[in-house]
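User: Hey, could you walk me through this structure? I'd like to start with the sheets.
Analyst: Sure, have a look at it and we'll go step by step.

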Amino acid sequence: MHHQIVRRAGAERETLWVLLAAGLILATATAAVGLRPAPDAEAALAPHRIDSRTALTAAEQGLHADLKMAAAEIAALRKAAGISNGRSPSPAELAAQALPPFAADASAAARGGHAWTLVESGGTVAYAGLSADPGTAGSLVLLLDGDDHGDGGGDYHGPAIWLKRAAEAPPARLDEASLAAAGWKRITSTFTAGVTR
Amino acid sequence: MTISLNRRRFLAATLAAGVLPAGTAAAAGRKRFGITLHPYYSYVANIVGDRAEVVPIIPAGFNPHAYEPRPEDIQRIGSLDAIVLNGIGHDDFAGRMIAASSKPKLPVVEANADVPPLPAAGSAARASGKVVNPHSFLSITGSVLQVATIARELGRLDPANAEAYTANARTYSRRLRQLRADALGKLAGAGDTRLRVATIHGAYDYLLREFGLEVSAVVEPAHGIEPSPAQLAETIATMRRLDVQVIFSELNFPSAYVETIRRETGIRLYSFSHISHGDYAAAQFEREMTRNMDTLVQAMLETAP
(Lines give C-alpha, C1' and ligand atoms only; values in the text may rest on other atoms or scores of the structure.)
Protein backbone atom coordinates (compact mmCIF):
# COMPACT_ATOMS: atom_id res chain seq x y z
CA MET A 1 0.00 0.00 0.00
CA HIS A 2 1.33 3.30 -1.00
CA HIS A 3 1.71 5.94 1.73
CA GLN A 4 2.30 9.56 1.10
CA ILE A 5 2.67 12.19 3.80
CA VAL A 6 1.08 15.41 2.71
CA ARG A 7 2.13 18.50 4.67
CA ARG A 8 -0.71 20.60 5.84
CA ALA A 9 -1.13 23.88 4.11
CA GLY A 10 1.01 26.54 5.79
CA ALA A 11 4.16 28.62 5.47
CA GLU A 12 6.12 27.42 8.49
CA ARG A 13 9.17 26.36 6.50
CA GLU A 14 9.22 29.53 4.44
CA THR A 15 8.79 31.60 7.56
CA LEU A 16 11.66 29.74 9.17
CA TRP A 17 13.94 30.40 6.18
CA VAL A 18 12.96 34.05 6.00
CA LEU A 19 13.61 34.46 9.73
CA LEU A 20 16.95 32.68 9.39
CA ALA A 21 17.93 34.91 6.47
CA ALA A 22 16.87 38.03 8.38
CA GLY A 23 18.81 36.84 11.42
CA LEU A 24 21.88 36.24 9.26
CA ILE A 25 21.67 39.71 7.71
CA LEU A 26 21.24 41.31 11.14
CA ALA A 27 24.19 39.35 12.54
CA THR A 28 26.40 40.32 9.58
CA ALA A 29 25.40 43.97 9.87
CA THR A 30 26.01 44.00 13.63
CA ALA A 31 29.41 42.39 13.14
CA ALA A 32 30.31 44.87 10.37
CA VAL A 33 29.26 47.87 12.47
CA GLY A 34 31.06 46.50 15.52
CA LEU A 35 34.26 45.84 13.61
CA ARG A 36 34.32 49.22 11.84
CA PRO A 37 33.59 51.86 14.48
CA ALA A 38 33.77 55.57 13.57
CA PRO A 39 37.30 56.86 14.11
CA ASP A 40 37.80 58.01 17.66
CA ALA A 41 37.47 61.66 18.49
CA GLU A 42 40.58 63.60 17.49
CA ALA A 43 43.58 63.07 19.74
CA ALA A 44 43.23 64.87 23.04
CA LEU A 45 44.96 68.24 23.17
CA ALA A 46 48.22 68.60 25.04
CA PRO A 47 47.61 70.02 28.55
CA HIS A 48 49.08 73.41 27.61
CA ARG A 49 46.70 73.82 24.68
CA ILE A 50 43.12 75.00 24.54
CA ASP A 51 40.61 74.57 21.73
CA SER A 52 39.32 77.81 20.23
CA ARG A 53 35.92 76.48 19.25
CA THR A 54 34.82 74.61 22.35
CA ALA A 55 36.81 75.97 25.30
CA LEU A 56 36.81 79.76 24.82
CA THR A 57 34.17 82.31 25.78
CA ALA A 58 32.46 84.29 22.99
CA ALA A 59 34.62 87.34 23.79
CA GLU A 60 37.81 85.26 23.72
CA GLN A 61 36.82 83.76 20.38
CA GLY A 62 36.36 87.25 18.92
CA LEU A 63 39.68 88.45 20.36
CA HIS A 64 41.52 85.36 19.12
CA ALA A 65 40.33 85.93 15.52
CA ASP A 66 41.19 89.64 15.77
CA LEU A 67 44.69 88.84 17.05
CA LYS A 68 45.29 86.52 14.09
CA MET A 69 44.27 89.33 11.77
CA ALA A 70 46.38 91.87 13.67
CA ALA A 71 49.43 89.62 13.49
CA ALA A 72 49.32 89.68 9.68
CA GLU A 73 48.93 93.47 9.66
CA ILE A 74 51.78 93.95 12.14
CA ALA A 75 54.02 91.71 10.01
CA ALA A 76 53.12 93.79 6.94
CA LEU A 77 53.83 97.03 8.83
CA ARG A 78 57.23 95.75 9.94
CA LYS A 79 58.03 94.61 6.42
CA ALA A 80 56.99 97.95 4.95
CA ALA A 81 59.24 99.74 7.46
CA GLY A 82 62.10 97.40 6.60
CA ILE A 83 62.14 95.90 10.06
CA SER A 84 62.58 92.19 10.33
CA ASN A 85 63.68 91.80 13.91
CA GLY A 86 63.78 95.38 15.00
CA ARG A 87 61.25 97.69 16.58
CA SER A 88 57.62 96.67 16.41
CA PRO A 89 54.73 99.12 16.40
CA SER A 90 53.53 99.91 19.92
CA PRO A 91 49.97 99.01 20.96
CA ALA A 92 49.19 102.74 21.01
CA GLU A 93 50.30 103.07 17.37
CA LEU A 94 48.15 100.08 16.43
CA ALA A 95 45.20 101.55 18.33
CA ALA A 96 45.67 104.81 16.41
CA GLN A 97 45.20 102.81 13.21
CA ALA A 98 41.93 101.40 14.62
CA LEU A 99 43.39 97.90 14.42
CA PRO A 100 41.34 95.50 16.56
CA PRO A 101 41.75 94.32 19.28
CA PHE A 102 44.15 97.18 20.16
CA ALA A 103 41.68 99.94 19.25
CA ALA A 104 39.94 101.35 22.33
CA ASP A 105 36.41 101.04 20.97
CA ALA A 106 33.05 99.79 22.22
CA SER A 107 34.01 96.26 21.24
CA ALA A 108 37.21 96.32 23.34
CA ALA A 109 35.21 97.51 26.34
CA ALA A 110 32.59 94.78 25.90
CA ARG A 111 35.20 92.03 25.51
CA GLY A 112 37.20 92.43 28.70
CA GLY A 113 38.82 95.89 28.42
CA HIS A 114 42.33 94.53 27.83
CA ALA A 115 45.37 96.72 28.52
CA TRP A 116 47.97 95.95 25.84
CA THR A 117 51.74 96.16 26.28
CA LEU A 118 54.68 95.22 24.10
CA VAL A 119 56.84 92.52 25.67
CA GLU A 120 60.26 91.44 24.42
CA SER A 121 62.22 88.52 25.74
CA GLY A 122 64.97 86.41 24.21
CA GLY A 123 64.55 87.97 20.77
CA THR A 124 60.80 87.24 20.68
CA VAL A 125 58.30 90.04 20.36
CA ALA A 126 54.87 89.69 21.92
CA TYR A 127 51.80 91.77 22.63
CA ALA A 128 50.31 91.02 26.03
CA GLY A 129 46.78 92.08 26.90
CA LEU A 130 45.76 91.96 30.55
CA SER A 131 42.03 91.56 31.01
CA ALA A 132 40.10 93.89 33.29
CA ASP A 133 37.21 91.39 33.36
CA PRO A 134 38.51 87.78 33.36
CA GLY A 135 34.92 86.52 33.61
CA THR A 136 34.27 87.83 30.10
CA ALA A 137 37.67 87.08 28.59
CA GLY A 138 41.02 85.97 29.98
CA SER A 139 44.37 87.67 29.35
CA LEU A 140 46.02 87.02 26.00
CA VAL A 141 49.49 87.02 24.53
CA LEU A 142 50.24 87.29 20.82
CA LEU A 143 53.67 85.92 19.88
CA LEU A 144 54.68 87.34 16.53
CA ASP A 145 57.36 84.83 15.71
CA GLY A 146 55.47 81.80 16.91
CA ASP A 147 55.79 78.58 15.02
CA ASP A 148 54.04 75.33 15.62
CA HIS A 149 55.91 72.18 16.45
CA GLY A 150 52.96 70.08 15.44
CA ASP A 151 52.51 68.45 18.82
CA GLY A 152 48.93 69.49 19.32
CA GLY A 153 47.50 69.34 15.83
CA GLY A 154 46.11 72.17 13.78
CA ASP A 155 46.92 75.88 13.64
CA TYR A 156 50.09 75.40 11.65
CA HIS A 157 49.90 78.79 10.02
CA GLY A 158 50.63 82.12 11.56
CA PRO A 159 51.19 83.46 14.99
CA ALA A 160 50.93 81.82 18.38
CA ILE A 161 48.25 83.12 20.70
CA TRP A 162 48.22 82.15 24.38
CA LEU A 163 45.51 82.55 27.01
CA LYS A 164 45.48 82.69 30.80
CA ARG A 165 42.26 83.35 32.65
CA ALA A 166 43.81 84.63 35.89
CA ALA A 167 46.91 86.52 34.80
CA GLU A 168 48.12 89.39 36.95
CA ALA A 169 51.11 90.38 34.82
CA PRO A 170 52.42 89.77 31.30
CA PRO A 171 54.63 86.67 31.06
CA ALA A 172 58.29 87.25 31.89
CA ARG A 173 59.60 84.66 29.43
CA LEU A 174 58.06 83.93 26.06
CA ASP A 175 59.31 80.46 25.13
CA GLU A 176 56.72 77.69 24.98
CA ALA A 177 57.98 75.80 28.03
CA SER A 178 58.04 78.89 30.26
CA LEU A 179 54.59 80.02 29.14
CA ALA A 180 53.16 76.55 29.75
CA ALA A 181 54.87 76.37 33.17
CA ALA A 182 53.38 79.76 34.08
CA GLY A 183 49.88 78.47 33.37
CA TRP A 184 49.36 79.96 29.90
CA LYS A 185 47.57 77.83 27.31
CA ARG A 186 48.15 78.02 23.58
CA ILE A 187 44.95 78.47 21.58
CA THR A 188 44.51 75.84 18.88
CA SER A 189 42.00 75.79 16.04
CA THR A 190 40.91 72.66 14.26
CA PHE A 191 38.32 71.62 11.72
CA THR A 192 36.49 68.52 12.89
CA ALA A 193 33.25 68.31 10.92
CA GLY A 194 31.23 70.39 8.52
CA VAL A 195 27.50 70.66 8.24
CA THR A 196 27.50 67.91 5.62
CA ARG A 197 30.88 66.27 6.07
CA MET B 1 32.13 75.72 -55.83
CA THR B 2 32.25 79.46 -55.49
CA ILE B 3 29.44 79.35 -53.02
CA SER B 4 31.15 76.66 -50.95
CA LEU B 5 34.44 78.60 -51.05
CA ASN B 6 32.67 81.73 -49.95
CA ARG B 7 30.96 79.81 -47.23
CA ARG B 8 34.32 78.45 -46.14
CA ARG B 9 35.77 81.96 -46.09
CA PHE B 10 32.78 83.20 -44.18
CA LEU B 11 33.16 80.38 -41.68
CA ALA B 12 36.86 81.07 -41.31
CA ALA B 13 36.23 84.77 -40.77
CA THR B 14 33.50 84.08 -38.24
CA LEU B 15 35.69 81.62 -36.37
CA ALA B 16 38.63 84.01 -36.39
CA ALA B 17 36.42 86.81 -35.09
CA GLY B 18 35.03 84.58 -32.36
CA VAL B 19 38.25 82.87 -31.38
CA LEU B 20 40.71 85.75 -31.59
CA PRO B 21 39.60 87.66 -28.48
CA ALA B 22 39.77 84.44 -26.47
CA GLY B 23 43.17 83.73 -27.99
CA THR B 24 44.39 87.20 -27.07
CA ALA B 25 43.14 86.73 -23.53
CA ALA B 26 44.94 83.40 -23.30
CA ALA B 27 48.09 85.00 -24.70
CA ALA B 28 47.85 87.73 -22.09
CA GLY B 29 47.86 84.86 -19.57
CA ARG B 30 44.82 85.92 -17.59
CA LYS B 31 43.96 83.10 -15.23
CA ARG B 32 40.38 82.08 -14.54
CA PHE B 33 39.55 81.63 -10.86
CA GLY B 34 36.22 80.05 -9.91
CA ILE B 35 34.12 80.91 -6.83
CA THR B 36 30.93 79.47 -5.36
CA LEU B 37 29.41 82.14 -3.09
CA HIS B 38 28.77 85.88 -3.46
CA PRO B 39 31.23 87.15 -0.81
CA TYR B 40 34.00 85.15 -2.45
CA TYR B 41 33.31 86.88 -5.76
CA SER B 42 33.90 90.22 -4.03
CA TYR B 43 37.05 88.98 -2.26
CA VAL B 44 38.67 87.49 -5.37
CA ALA B 45 37.59 90.35 -7.67
CA ASN B 46 39.24 92.85 -5.32
CA ILE B 47 42.39 90.74 -4.98
CA VAL B 48 42.98 90.07 -8.69
CA GLY B 49 41.68 93.36 -10.12
CA ASP B 50 41.95 93.08 -13.92
CA ARG B 51 44.84 90.59 -13.80
CA ALA B 52 42.57 87.54 -13.72
CA GLU B 53 38.99 86.61 -14.33
CA VAL B 54 36.57 85.65 -11.55
CA VAL B 55 34.08 83.00 -12.61
CA PRO B 56 31.03 82.18 -10.47
CA ILE B 57 30.21 78.51 -10.98
CA ILE B 58 26.65 78.94 -9.69
CA PRO B 59 24.55 81.42 -11.65
CA ALA B 60 23.25 84.39 -9.66
CA GLY B 61 19.81 83.71 -8.20
CA PHE B 62 20.45 80.24 -6.80
CA ASN B 63 20.25 79.77 -3.05
CA PRO B 64 23.54 78.13 -1.99
CA HIS B 65 21.71 76.43 0.90
CA ALA B 66 19.54 74.47 -1.54
CA TYR B 67 21.71 74.32 -4.64
CA GLU B 68 21.96 71.08 -6.60
CA PRO B 69 24.75 70.89 -9.20
CA ARG B 70 23.68 71.25 -12.85
CA PRO B 71 25.60 69.83 -15.84
CA GLU B 72 26.31 73.27 -17.38
CA ASP B 73 27.79 74.49 -14.09
CA ILE B 74 30.03 71.40 -13.88
CA GLN B 75 31.12 72.02 -17.47
CA ARG B 76 32.25 75.55 -16.54
CA ILE B 77 34.74 74.09 -14.02
CA GLY B 78 36.73 72.63 -16.94
CA SER B 79 37.73 76.16 -18.03
CA LEU B 80 39.14 77.21 -14.64
CA ASP B 81 42.75 77.46 -13.43
CA ALA B 82 41.77 77.21 -9.75
CA ILE B 83 38.74 77.52 -7.51
CA VAL B 84 38.31 79.38 -4.23
CA LEU B 85 36.06 77.59 -1.74
CA ASN B 86 34.51 78.32 1.62
CA GLY B 87 35.40 74.69 2.28
CA ILE B 88 33.94 74.43 5.80
CA GLY B 89 30.37 73.55 4.96
CA HIS B 90 28.74 76.23 2.83
CA ASP B 91 29.78 74.90 -0.57
CA ASP B 92 30.29 71.19 -0.06
CA PHE B 93 28.56 70.60 -3.40
CA ALA B 94 31.69 71.98 -5.11
CA GLY B 95 33.80 68.94 -4.23
CA ARG B 96 31.39 66.64 -6.06
CA MET B 97 31.23 69.04 -9.00
CA ILE B 98 35.03 69.21 -9.34
CA ALA B 99 35.29 65.42 -9.14
CA ALA B 100 32.70 65.09 -11.93
CA SER B 101 34.25 67.81 -14.11
CA SER B 102 36.89 67.49 -16.83
CA LYS B 103 39.45 68.82 -14.28
CA PRO B 104 39.10 66.61 -11.20
CA LYS B 105 42.56 67.76 -10.02
CA LEU B 106 41.71 71.47 -10.21
CA PRO B 107 43.76 73.41 -7.59
CA VAL B 108 41.50 74.35 -4.68
CA VAL B 109 42.10 77.36 -2.44
CA GLU B 110 40.63 76.66 1.01
CA ALA B 111 39.79 80.22 2.02
CA ASN B 112 39.12 79.30 5.65
CA ALA B 113 42.48 77.64 6.29
CA ASP B 114 43.52 80.42 8.70
CA VAL B 115 40.15 81.31 10.21
CA PRO B 116 39.47 79.98 13.73
CA PRO B 117 36.09 78.29 13.22
CA LEU B 118 33.15 78.74 15.58
CA PRO B 119 30.74 75.94 16.41
CA ALA B 120 27.65 75.64 14.24
CA ALA B 121 24.46 77.02 15.73
CA GLY B 122 20.79 76.26 15.33
CA SER B 123 19.63 73.29 13.31
CA ALA B 124 23.20 72.46 12.20
CA ALA B 125 24.55 72.22 15.76
CA ARG B 126 25.20 68.66 16.84
CA ALA B 127 27.93 66.37 18.12
CA SER B 128 28.83 68.71 21.02
CA GLY B 129 30.33 71.55 19.04
CA LYS B 130 32.21 69.43 16.53
CA VAL B 131 30.30 70.77 13.56
CA VAL B 132 31.82 74.00 12.34
CA ASN B 133 29.84 77.16 11.54
CA PRO B 134 30.56 77.86 7.86
CA HIS B 135 29.47 81.54 7.87
CA SER B 136 32.91 83.01 8.53
CA PHE B 137 32.36 85.31 5.51
CA LEU B 138 29.66 87.22 7.42
CA SER B 139 32.22 89.16 9.47
CA ILE B 140 35.05 91.59 8.90
CA THR B 141 37.83 89.69 10.68
CA GLY B 142 36.78 86.41 9.08
CA SER B 143 36.84 88.10 5.70
CA VAL B 144 40.21 89.80 6.19
CA LEU B 145 41.77 86.47 7.23
CA GLN B 146 40.27 84.77 4.18
CA VAL B 147 41.35 87.54 1.81
CA ALA B 148 44.96 87.14 3.04
CA THR B 149 44.83 83.36 2.55
CA ILE B 150 43.26 83.65 -0.91
CA ALA B 151 45.82 86.25 -2.03
CA ARG B 152 48.70 84.10 -0.80
CA GLU B 153 47.43 80.93 -2.48
CA LEU B 154 46.46 82.63 -5.76
CA GLY B 155 49.93 84.22 -5.78
CA ARG B 156 51.43 80.74 -5.56
CA LEU B 157 49.35 79.63 -8.55
CA ASP B 158 50.05 82.81 -10.52
CA PRO B 159 53.54 83.96 -9.41
CA ALA B 160 53.77 86.73 -12.04
CA ASN B 161 50.94 88.57 -10.27
CA ALA B 162 51.64 87.47 -6.69
CA GLU B 163 52.91 90.88 -5.58
CA ALA B 164 49.91 92.69 -7.04
CA TYR B 165 47.53 90.22 -5.37
CA THR B 166 49.16 90.79 -1.96
CA ALA B 167 49.08 94.57 -2.35
CA ASN B 168 45.44 94.56 -3.53
CA ALA B 169 44.47 92.24 -0.68
CA ARG B 170 45.99 94.60 1.85
CA THR B 171 44.24 97.66 0.40
CA TYR B 172 40.93 95.79 0.37
CA SER B 173 41.43 94.50 3.92
CA ARG B 174 42.10 98.03 5.15
CA ARG B 175 38.84 99.19 3.60
CA LEU B 176 37.00 96.31 5.28
CA ARG B 177 38.56 97.06 8.65
CA GLN B 178 37.58 100.70 8.25
CA LEU B 179 33.92 99.66 7.81
CA ARG B 180 34.04 97.97 11.19
CA ALA B 181 35.90 100.88 12.81
CA ASP B 182 33.27 103.31 11.46
CA ALA B 183 30.46 101.16 12.85
CA LEU B 184 32.14 100.85 16.25
CA GLY B 185 32.79 104.60 16.22
CA LYS B 186 29.04 105.17 16.19
CA LEU B 187 28.79 103.22 19.45
CA ALA B 188 31.34 105.41 21.24
CA GLY B 189 29.77 106.91 24.33
CA ALA B 190 26.77 104.60 24.14
CA GLY B 191 27.71 102.94 27.44
CA ASP B 192 27.07 99.26 28.03
CA THR B 193 25.75 97.84 24.79
CA ARG B 194 25.67 94.20 25.80
CA LEU B 195 22.47 92.50 24.71
CA ARG B 196 20.78 89.13 24.93
CA VAL B 197 20.48 88.21 21.28
CA ALA B 198 18.56 85.57 19.35
CA THR B 199 18.99 84.93 15.64
CA ILE B 200 16.66 83.19 13.22
CA HIS B 201 19.53 81.67 11.19
CA GLY B 202 22.78 80.57 12.87
CA ALA B 203 24.90 82.64 10.49
CA TYR B 204 25.77 85.77 12.41
CA ASP B 205 27.90 84.53 15.32
CA TYR B 206 31.14 85.65 13.66
CA LEU B 207 29.82 89.18 13.09
CA LEU B 208 28.29 89.53 16.55
CA ARG B 209 31.50 88.42 18.28
CA GLU B 210 33.30 91.36 16.68
CA PHE B 211 30.97 93.65 18.58
CA GLY B 212 31.29 91.76 21.85
CA LEU B 213 27.86 90.16 21.51
CA GLU B 214 26.95 86.55 22.07
CA VAL B 215 24.00 84.71 20.59
CA SER B 216 21.78 83.32 23.36
CA ALA B 217 19.53 81.33 21.05
CA VAL B 218 19.16 80.35 17.44
CA VAL B 219 15.56 79.67 16.74
CA GLU B 220 15.70 78.36 13.21
CA PRO B 221 14.00 75.01 12.61
CA ALA B 222 15.63 74.71 9.17
CA HIS B 223 17.03 77.38 6.91
CA GLY B 224 14.40 78.98 4.71
CA ILE B 225 11.68 76.49 5.64
CA GLU B 226 8.44 77.60 7.27
CA PRO B 227 8.16 76.10 10.78
CA SER B 228 5.12 74.20 11.96
CA PRO B 229 2.80 75.91 14.49
CA ALA B 230 4.25 73.68 17.24
CA GLN B 231 7.82 74.72 16.36
CA LEU B 232 6.74 78.35 16.25
CA ALA B 233 5.15 78.09 19.69
CA GLU B 234 8.33 76.49 21.05
CA THR B 235 10.47 79.23 19.51
CA ILE B 236 8.35 81.93 21.13
CA ALA B 237 8.49 80.14 24.50
CA THR B 238 12.31 79.84 24.23
CA MET B 239 12.69 83.56 23.56
CA ARG B 240 10.51 84.47 26.51
CA ARG B 241 12.41 82.09 28.79
CA LEU B 242 15.81 83.48 27.80
CA ASP B 243 14.53 87.05 28.15
CA VAL B 244 15.92 87.91 24.71
CA GLN B 245 16.18 91.65 24.03
CA VAL B 246 16.71 91.65 20.28
CA ILE B 247 16.13 89.21 17.43
CA PHE B 248 18.16 89.26 14.23
CA SER B 249 16.33 87.82 11.30
CA GLU B 250 17.37 87.64 7.69
CA LEU B 251 16.30 89.66 4.67
CA ASN B 252 14.33 87.42 2.28
CA PHE B 253 13.11 85.25 5.14
CA PRO B 254 9.43 84.17 5.23
CA SER B 255 7.91 87.28 6.73
CA ALA B 256 4.69 85.87 8.22
CA TYR B 257 6.72 83.59 10.47
CA VAL B 258 9.04 86.35 11.62
CA GLU B 259 6.13 88.77 12.07
CA THR B 260 4.35 86.25 14.33
CA ILE B 261 7.44 85.95 16.55
CA ARG B 262 7.75 89.72 16.75
CA ARG B 263 4.07 90.20 17.55
CA GLU B 264 3.90 87.44 20.17
CA THR B 265 7.12 88.28 22.02
CA GLY B 266 7.15 92.04 21.55
CA ILE B 267 10.92 91.84 21.06
CA ARG B 268 12.62 94.25 18.63
CA LEU B 269 13.51 92.58 15.37
CA TYR B 270 16.15 93.55 12.80
CA SER B 271 17.24 91.88 9.57
CA PHE B 272 20.72 91.07 8.27
CA SER B 273 21.75 90.21 4.73
CA HIS B 274 23.23 86.74 4.24
CA ILE B 275 24.96 88.11 1.11
CA SER B 276 23.72 85.31 -1.10
CA HIS B 277 21.31 87.15 -3.40
CA GLY B 278 21.61 89.38 -6.42
CA ASP B 279 24.22 89.75 -9.13
CA TYR B 280 27.87 89.01 -8.44
CA ALA B 281 29.77 92.28 -7.95
CA ALA B 282 33.14 93.34 -6.59
CA ALA B 283 31.51 95.95 -4.34
CA GLN B 284 28.66 93.74 -3.10
CA PHE B 285 30.38 92.50 0.05
CA GLU B 286 31.32 96.01 1.24
CA ARG B 287 27.87 97.34 0.37
CA GLU B 288 25.93 94.63 2.20
CA MET B 289 28.30 94.40 5.18
CA THR B 290 28.00 98.17 5.64
CA ARG B 291 24.23 97.72 5.76
CA ASN B 292 24.58 94.79 8.19
CA MET B 293 26.78 96.76 10.53
CA ASP B 294 24.49 99.80 10.33
CA THR B 295 21.62 97.49 11.31
CA LEU B 296 23.65 96.05 14.19
CA VAL B 297 24.65 99.49 15.49
CA GLN B 298 21.06 100.71 15.22
CA ALA B 299 19.88 97.65 17.17
CA MET B 300 22.51 98.16 19.87
CA LEU B 301 21.70 101.85 20.26
CA GLU B 302 17.92 101.43 20.25
CA THR B 303 17.79 98.40 22.50
CA ALA B 304 20.53 99.06 25.05
CA PRO B 305 19.21 100.26 28.40
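**The sheets and the contact**

Analyst: This is a predicted model. In chain B, 4 strands make an open sheet in the order S2-S1-S3-S4, and the pairing is parallel.

User: Which strands stand at the edges there, and why is one side of each left without a neighbour?
Analyst: The edge strands are S2 (52-56) and S4 (108-110) of chain B; each has a single partner strand, so one side of each has no neighbour in the sheet.

User: By how many degrees are neighbouring strands turned against each other?
Analyst: On average 25 degrees, with direction ignored.

User: Can you zoom in on one pair for me?
Analyst: Take S1 (residues 31-35) and S2 of chain B: they pair in the parallel sense over 5 bridges. If you look for Ile35(B), its bridge partner in S2(B) is Pro56(B).

User: Which strands does helix H2 of chain B lie across?
Analyst: Helix H2(B), residues 38-48, lies across S1, S2 and S3 (82-85) of chain B. The helix runs at about 175 degrees to S2(B).

User: OK, switching to chain A. What's the strand order in the open sheet there?
Analyst: For chain A the order is S1-S6-S5-S4-S3-S2, so to speak a row of 6 strands, and the pairing is mixed. At the edges you find S1 (49-51) and S2 (115-121) of chain A, each pairing on one side only. From one strand to the next, the twist averages 30 degrees.

User: In what sense do S3 and S4 of chain A pair, parallel or antiparallel?
Analyst: Antiparallel: S3 (residues 124-130) and S4 (residues 139-143) of chain A are joined over 4 bridges. Within that chain, Gly129(A) has Leu140(A) in S4(A) as its bridge partner.

User: And which strands does helix H2 of chain A touch?
Analyst: H2(A), residues 58-80, packs on the sheet and touches S4, S5 (160-164) and S6 (185-188) of chain A. Its direction makes about 20 degrees with that of S4(A).

User: New topic: how many residues does each chain bring to the contact?
Analyst: Chain A brings 31 residues and chain B brings 36 residues. On the chain A side, the elements giving two or more residues are H2 and helix H4 (106-110) of chain A.

User: Where does the largest share of that side come from?
Analyst: From H2(A), with 11 residues. That's the helix that also packs on the chain A sheet.

User: What kinds of residues are on the chain A side?
Analyst: The side of chain A that touches chain B has 13 nonpolar, 12 polar and 6 charged residues.

Methods: Residues are numbered from 1 along each chain as its sequence is written. Chains are lettered from A and ligands numbered from 1 in the order in which they are written. This is a predicted model: local features need pLDDT of at least 70, side-chain atom pairs count only at pLDDT 80 or more; totals for chains, interfaces and linings use all residues. Two strands pair if DSSP finds at least two bridges between them. Axes are lines fitted to C-alpha atoms, for helices over the stretch in contact, and angles run from 0 to 180 degrees between N-to-C directions. Two residues are in contact if their C-beta atoms, placed from the backbone, lie within 7 Å. Ala, Val, Leu, Ile, Met, Phe, Trp, Tyr, Cys and Pro count as nonpolar, Asp, Glu, Lys and Arg as charged, and the others, Gly among them, as polar.
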